[in-house]
Amino acid sequence: MQNTVNAENSGITVLKAINLAKVITIISLIGFAIVFGIQDWRQVIYMCLHISYCLWWLLEQWLFPERQKIFNEPSGVVTLIFTVLIVGFFYVLPGYLAFINPVPLSMATAAIALLLYIFGSLINATADVQKLTAKQFQAGLVRDNIWRFSRNINYFADLLRYLSFSVVAGSFWAYLVPGYIFIFYLWRISQKEQAMSVKYPEYAEYQQSSSRLIPFIW
């Protein structure tokens with residue numbers, strides 16, 4: 001309780017903790033490049049993908065101020081430390097594995113990773129813009145266009161991007177990160193669907209006509 005009160009007084013939110021973690025990720029990847037060097041396109045592509053993702057996360061909040069309202073709950077000391085450890089350090093595990101992987105990156109692997117990242121980014125950006133626009137015009141429940149394919153299409157897109165990092169890393173252990181994110185998103189989805197069912201009477205119908213996470217599958 002005291003941690004929460006202190007967080008409210010200091011203005012520290014979960015979003016600010018995530019932003020700090022993203023900055024740490026960028027610094028860590030640059031540090032890997034300095035310590036281990038760049039031996040192959042594997043490291044170059046990994047840095048381009050992961051650093052651009054972190055920069056876009058930060059830039060998007062400036063371009064779309066409404067984005068600053070997400071994760072705006074106060075962050076206690078424990079939450080701050082946990083967020084920095086997970087997002088700032090654990091999420092960079094694929095990057096570390098990419099830099100210590102001595103095997104040259106194949107063209108097929110690079111193509112798969114780039115497709116996952118590009119489509120994940122396009123889907124995520126489209127979903128965010130549609131939802132932000134709907135909120136500005138108070139359109140109510142967003143369930144058409146790209147959101148008709150999945151009730152959590154933004155989470156699905158995010159998973160595609162993190163999968164692309166693991167593909168570039170080329171290690172089994174790199175998939176621990178998207179695996180953890182998948183489990184975390186399932187928990188978030190469960191919370192979200194309970195809240196949406198109460199807020200929107202038509203949400204039950206939306207559930208019947210759309211996938212929960214993965215379009216056309218589940």
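# A guided tour of an all-helix model

Begin with the whole chain coloured by confidence: this is a predicted model, and the protein averages a pLDDT of 91, with 95% of the residues scoring at least 70. For the two extremes, select helix H1, residues 2–10, where confidence is lowest at a mean of 46, and then helix H5, residues 93–100, where confidence is highest at 98. While the start of the chain is in view, select residues 1–9, over which pLDDT stays under 50 and for which the model has nine contacts beyond four places in sequence.

Next, switch to a cartoon view and follow the chain from one end to the other. The protein contains nine helices and zero strands, so that the pattern read along the sequence is α-α-α-α-α-α-α-α-α. Zoom out to take in the overall dimensions: the C-alpha atoms fill a box of roughly 55 × 45 × 30 Å along the principal axes. The radius of gyration is 18 Å, which agrees with the value near 17 Å that a compact globule of 218 residues would have. Among contacts between residues at least 6 apart in sequence, 80% join residues at least 24 apart.

Now turn on the surface, where the protein exposes about 11,900 Å², 69% of it supplied by carbon and sulfur atoms; buried residues, for their part, make up 45% of the 218 residues. Colouring by charge will bring up 15 positive and 11 negative side chains, and the centres of these two sets lie 1 Å apart.

For a closer stop inside the protein, select Gly 120 in helix H6, residues 107–136. Gly 120 is buried, because its relative accessible area is 0% and the cut-off for buried is under 20%. Add Ala 157 to the selection: Gly 120 and Ala 157 are 37 residues apart in sequence, yet their C-alpha atoms are 4.2 Å apart in space. Beyond its neighbours within four places in sequence, Gly 120 is in contact with Ala 157, Leu 160 and Arg 161.

The last two stops concern backbone angles. Most residues other than glycine have a negative phi. Select Gln 138, in the loop between H6 and helix H7 (153–169), where phi has a positive value near 50°; Gln 138 is exposed, with a relative accessible area of 72%. Finish at Phe 216, in the segment after helix H9 (203–209), where phi is again positive, near 70°, and where the residue is exposed, with a relative accessible area of 71%.

Technical notes. Residues numbered from 1 in each chain as written. Heavy atoms only, no water. pLDDT = per-residue confidence, 0-100. Helix = DSSP H or I, 4+ residues; strand = E, 2+ residues; numbered from the N terminus. Contact = heavy atoms within 4.5 Å. Rg over C-alpha atoms; globule rule 2.2 N^0.38 Å. Buried < 20%, exposed > 50% of the residue type's maximum accessible area, 1.4 Å probe, protein only. Areas by Shrake-Rupley, 256 points an atom, 1.4 Å probe, with all protein chains shown as cover. Lys, Arg positive; Asp, Glu negative; His and termini not counted. Charge placed at Lys NZ, Arg CZ, Asp CG, Glu CD.
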